[in-house]
Each structure stands twice: as structure tokens, then as C-alpha cells.
Amino acid sequence: MQKRQRQAGFTLVELMVVIIILGILSAVALPKFMDVTTKANKSAVDGAVGGLGAGSALLHAQWVANGPTAAQANVAGFGASDVDTNAAGWAIGTDGTLNDAADCVDIWNGLMQNPPTVSTAVGSDYQATFAGTTCTYTYQADTARIITYNTADGAVGKTNN
């Protein structure tokens with residue numbers, strides 16, 4: 001007598017059940033992973049806001065400690081001693097005047113230690129622009145997230161919802 005060989009493998013029903021389970025798992029897990037990216041972008045901007053705000057406050061404190069009552073070039077005792085202030089003691093760049101986005105880049109790099117990259121062009125972590133007395137830093141990974149620095153009063157703000 002011949003023995004009948006039994007074929008090993010999955011039935012169509014078993015394969016369909018596995019596909020359905022994988023579909024349900026991916027439908028539940030995918031939104032979680034997408035939310036992680038949003039939270040990471042928000043955290044990155046929050047960290048930069050904290051660093052810029054702290055740097056601004058520390059520069060102003062050093063300006064007060066140095067005793068001037070006017071604009072100061074190259075505030076001694078702060079960072080690389082190359083940041084300039086206006087008459088109120090707030091950073092305006094490194095060339096003595098605040099007149100373009102390049103000065104905003106200098107403010108960013110001068111106030112923070114190991115800052116995220118910033119440039120006046122696309123291609124860095126943040127893109128700097130300038131208008132009036134305000135430097136605006138747009139987070140390039142999510143351009144709806146924006147940091148502002150008001151050179152008139154040192155106020156740091158954000159749009160980071």
C-alpha cells in the first residue's frame with residue numbers, strides 16, 4: 001500500500017487571519033509612530049527656546065554686572081566675548097548693528113552653547129529672518145514651528161503647538 005503524503009503549509013483561512021491581525025496592528029501602531037515625530041519636533045523647538053531664552057538672560061545679567069548704561073560691543077565675560085548689545089543690554093549681533101538676518105544668526109550662535117544649526121538659507125535646522133527688531137527662526141523639519149527673539153527687550157517667544 002502506498003502511504004499518502006500529507007502536504008504541510010498554511011490554509012487560505014489561516015493566511016487571511018494573519019493578514020487581518022497584521023492590518024489591525026499596523027492601524028493601531030502607525031498613528032503612535034507619527035505622533036512620536038510631532039512630539040520630537042515640539043521638544044526640539046522647546047529646547048532651543050529654552051537655550052535662547054537662558055542665553056539672552058545670561059548676557060543681560062553680564063551686561064548689568066559689567067556696569068554699562070549704554071550699548072556695549074563685545075560683552076566681556078560672556079561666551080566668546082563677541083556679542084554686542086543695544087542700550088538696554090540685549091543682544092544685537094556681533095558687528096555692532098542689527099540690520100539683517102545674518103545678525104540674527106550671530107545672535108543665535110552667540111547666545112547658545114552648542115546650538116542647533118541656523119542659517120539665512122534653507123538647509124540648516126533653523127532658517128533665520130529679520131524684520132524691525134525681531135529675529136525669527138523657523139524650524140525646517142516643521143515650518144509651522146517658529147521661535148522669535150525681540151532685540152528691543154530680549155523676549156523669546158514661540159509658535160509650537
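**Figure 1. The largest nonpolar core of the predicted model comprises 24 residues.** Within this core, the residues with the most contacts are Leu52, Trp108, Leu111, Tyr126, Tyr137, Ile147 and Tyr149. The elements that contribute two or more residues to the core are the helices α1 and α2 together with the strands β4, β5 and β6. The structure shown here and in the other views is a predicted model, and its local features are described where pLDDT is at least 70.

**Figure 2. Surroundings of Ile147, one of the core residues with the most contacts.** When residues up to four places away in sequence are set aside, Ile147 touches Val45, Ala48, Val49 and Leu52, and its further partners include Trp108, Tyr126, Cys135, Thr136 and Tyr137. The list of residues touched by Ile147 also includes Val156, Gly157 and Lys158. Of these partners, Lys158 appears again in Figure 5, where its side chain meets that of Asp46 in a salt bridge.

**Figure 3. An aromatic cluster is formed by Trp108, Tyr126, Tyr137 and Tyr139.** The model contains 3 aromatic pairs. In one of them, the rings of Trp108 and Tyr126 have centres 4.8 Å apart and planes at 45 degrees, so this pair is classed as tilted. The pair links distant parts of the chain, with Trp108 in helix α2 (residues 101-111) and Tyr126 in strand β4 (residues 126-131), 18 residues apart. Both Trp108 and Tyr126 are buried. Tyr126 also pairs with Tyr139, again in a tilted arrangement, with 5.1 Å from centre to centre and 45 degrees between the planes. This second pair likewise links distant parts of the chain, in that Tyr126 belongs to strand β4 and Tyr139 to strand β5 (residues 134-139), 13 residues apart. The relative accessible area of Tyr126 is 1%, so this residue counts as buried, and Tyr139 is also buried, with a relative accessible area of 11%.

**Figure 4. An open sheet of 5 strands, with helix α2 lying across four of them.** The strands follow the order β3-β4-β5-β6-β7, and their pairing is mixed. At the edges of the sheet are β3 (118-119) and β7, each of which pairs on one side only. Strands β3 and β4 run parallel and are joined by 2 bridges, and in this part of the sheet Ser119 stands opposite Gln127 in β4. Strands of a sheet pair through backbone hydrogen bonds, either parallel or antiparallel. Helix α2 lies across β3, β4, β5 and β6 (146-150), and runs at about 125 degrees to β4.

**Figure 5. A network of salt bridges links Lys42, Asp46 and Lys158.** The side chains of Lys42 and Asp46 meet in a salt bridge with a nitrogen-to-oxygen distance of 3.3 Å. Both residues lie in helix α1 (residues 12-66), where they are 4 residues apart, about one turn of the helix. Asp46 also forms a salt bridge with Lys158, at 2.7 Å from N to O. Because Lys158 lies in strand β7 (residues 156-159) whereas Asp46 lies in helix α1, this pair ties together parts that are 112 residues apart in sequence. Each member of the network is partly exposed, with a relative accessibility of 32% for Lys42, 26% for Asp46 and 46% for Lys158.

**Figure 6. The salt bridge between Asp142 and Arg145.** The model has 3 salt bridges in its count, and in the one shown here the side chains of Asp142 and Arg145 meet at 2.9 Å, N to O. Asp142 has a relative accessible area of 23% and is therefore partly exposed, whereas Arg145, at 4% relative accessibility, counts as buried because the limit for that class is under 20%.

**Figure 7. Surroundings of Ser56 in helix α1.** Ser56 has a relative accessible area of 1%, and so counts as buried. Leaving aside neighbours within four places in sequence, Ser56 is in contact with Trp90, Leu111, Tyr149 and Gly154. Among these contacts, Leu111 and Tyr149 are also named with the residues that have the most contacts inside the largest nonpolar core, to which helix α1 itself gives two or more residues.

Technical notes: Residues are numbered from 1 along each chain as its sequence is written. This is a predicted model: local features need pLDDT of at least 70, side-chain atom pairs count only at pLDDT 80 or more; totals for chains, interfaces and linings use all residues. Side-chain values use heavy atoms; hydrogens and water are left out. A salt bridge is a side-chain nitrogen of Lys or Arg within 4 Å of a carboxyl oxygen of Asp or Glu. Buried means under 20% relative accessible area, exposed over 50%, partly exposed in between (1.4 Å probe, protein chains only). Contact means heavy atoms within 4.5 Å. Rings of Phe, Tyr and Trp (its six-membered ring) pair if their centres lie within 6.5 Å; planes under 30 degrees apart count as stacked, over 60 as edge-to-face and the rest as tilted. Two strands pair if DSSP finds at least two bridges between them. Axes are lines fitted to C-alpha atoms, for helices over the stretch in contact, and angles run from 0 to 180 degrees between N-to-C directions. A nonpolar core is a set of buried Ala, Val, Leu, Ile, Met, Phe, Trp, Tyr and Cys residues joined through side-chain atoms within 4.5 Å.
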